[in-house]
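Dear colleague,

Please find the structure below, handed over for your use. My findings follow it.

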Amino acid sequence: MKLYTVPLAPNPMRVTLYIAERKALGCDLDIEPITVNTLKGRHREPEHLARNSWGTLPVLELNSGRFITESLVIIEYLESAILGPSLLPSEPEEKAVARNLERIIEMRIALPMGQYVHCQKSPLGLPPDPEKAQALAQQIQPGFDYVEQLLQDGRQFLEGAKPGVSDCTLGAFLQFMRFTETDLVGERQALRQWDERYRGRDAVKTLFMV
Ligand SMILES: N[C@@H](CCC(=O)N[C@@H](CS)C(=O)NCC(=O)O)C(=O)O
């Protein structure tokens, strides 16, 4: 399989983090990463549009030649296709709780965070929009409050004792926030400690650029 990706961008990064976590658990994931240079606009060129007409990254090319273009679906595909220790729980109720948390983080934090970064200091060169950035920064706060509350029971990672798919999503988007050299986490100590704990692990620490 091939993973078309780009460093720093958060959706590709959450898949990269997921792959690193599975490898750290001892799984043999035979996936070749291929960088598509978004700074040069390569994701908008016919070669990439043939893989994904939306022009976004990541894209997973399956051995059959088909393409999967949504990061969470890529992760779920790898969960079911690559046997061995995995990140999502197998028991249905636990799996639903883990997926539920991942969706909350994506919708309440990750989506506005992605827009926020592009309004502040877009790696794609989009024009800054400080007013919109300010509104997005406010929009993210309840999501951070939710995570801060969740961590109050002393859990090490977002879903419990082990890193899960939620950690990959939040970790990738906090890296993207750091790219703007801003900090929207504020006084939330549990979230701050989670961030340090997650980033300090061997599976993750060499992957982050900021
Ligand atoms: N829903 C998609 C979103 C992918 C996405 O928006 N990727 C960004 C990078 S984080 C991208 O390729 N942006 C380039 C563009 O839209 O031109 C997913 O989760 O994979």
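What share of the contacts in the protein with a separation of 6 or more comes from residues 24 or more positions apart? Such residues account for 68% of these contacts, where two residues are in contact if their C-beta atoms, placed from the backbone, lie within 7 Å.

Two remarks on the basis of what follows. This is a predicted model, in which local features need pLDDT of at least 70 and side-chain atom pairs count only at pLDDT 80 or more, while totals for chains, interfaces and linings use all residues. Residues are numbered from 1 along each chain as its sequence is written.

Overall form

The protein has eight helices and four strands, and along the sequence they follow the pattern β-α-β-α-β-β-α-α-α-α-α-α. Helices (H or I, at least four residues) and strands (E, at least two) are DSSP runs, numbered from the N terminus. The C-alpha trace spans about 45 × 45 × 30 Å along its principal axes. The radius of gyration of the protein is 17 Å, which agrees with the value near 17 Å that a compact globule of 210 residues would have; this radius is taken over C-alpha atoms, and the globule rule is 2.2 Å times the number of residues to the power 0.38. Of the 210 residues, 34% are buried. A residue is buried if 20 or more other C-beta atoms, placed from the backbone, lie within 10 Å of its own, exposed if 12 or fewer, and partly exposed in between.

Domains and core

The domain assignment gives domain 1 (2–81) and domain 2 (92–205); such bounds come from an automatic or database assignment. Their centres, taken over C-alpha atoms, are separated by 20 Å. In all, 11 residues of domain 1 are in contact with 17 residues of domain 2. On the domain 1 side, helix 1 (residues 10–24) gives the most, with eight residues. That side divides into eight nonpolar, one polar and two charged residues. Here Ala, Val, Leu, Ile, Met, Phe, Trp, Tyr, Cys and Pro count as nonpolar, Asp, Glu, Lys and Arg as charged, and the others, Gly among them, as polar.

The largest nonpolar core (a set of buried Ala, Val, Leu, Ile, Met, Phe, Trp, Tyr and Cys residues joined through C-beta atoms within 7 Å) has 44 residues, of which Leu17, Tyr18, Ile109, Met113 and Phe173 touch the most other members. Helix 4 gives the most to this core, with nine residues. Both domains give residues to the core, so it lies between them. Leaving aside neighbours within four places in sequence, Ile109 is in contact with Ile140, Gly143, Phe144, Leu170 and Phe173.

Ligand surroundings and backbone

The residues around the ligand (C-beta atom, placed from the backbone, within 6 Å of it) include Asn11, Thr38, His43, Leu57, Pro58 and Glu70. This shell divides into four nonpolar, six polar and one charged.

Most residues other than glycine have a negative phi, and most peptide bonds are trans. A cis peptide bond, with omega of about 5°, joins Leu57 and Pro58. Pro58 is placed in the loop between helix 2 (46–49) and strand 3. Leu8, which is not a glycine, has a positive phi of about 80°. Leu8 lies in the loop between strand 1 and helix 1 and is partly exposed, with 18 other C-beta atoms within 10 Å. Glu181 also has a positive phi, near 55°. Glu181 is in the loop between helix 6 and helix 7 and counts as exposed, with 9 C-beta neighbours inside 10 Å.

Yours sincerely
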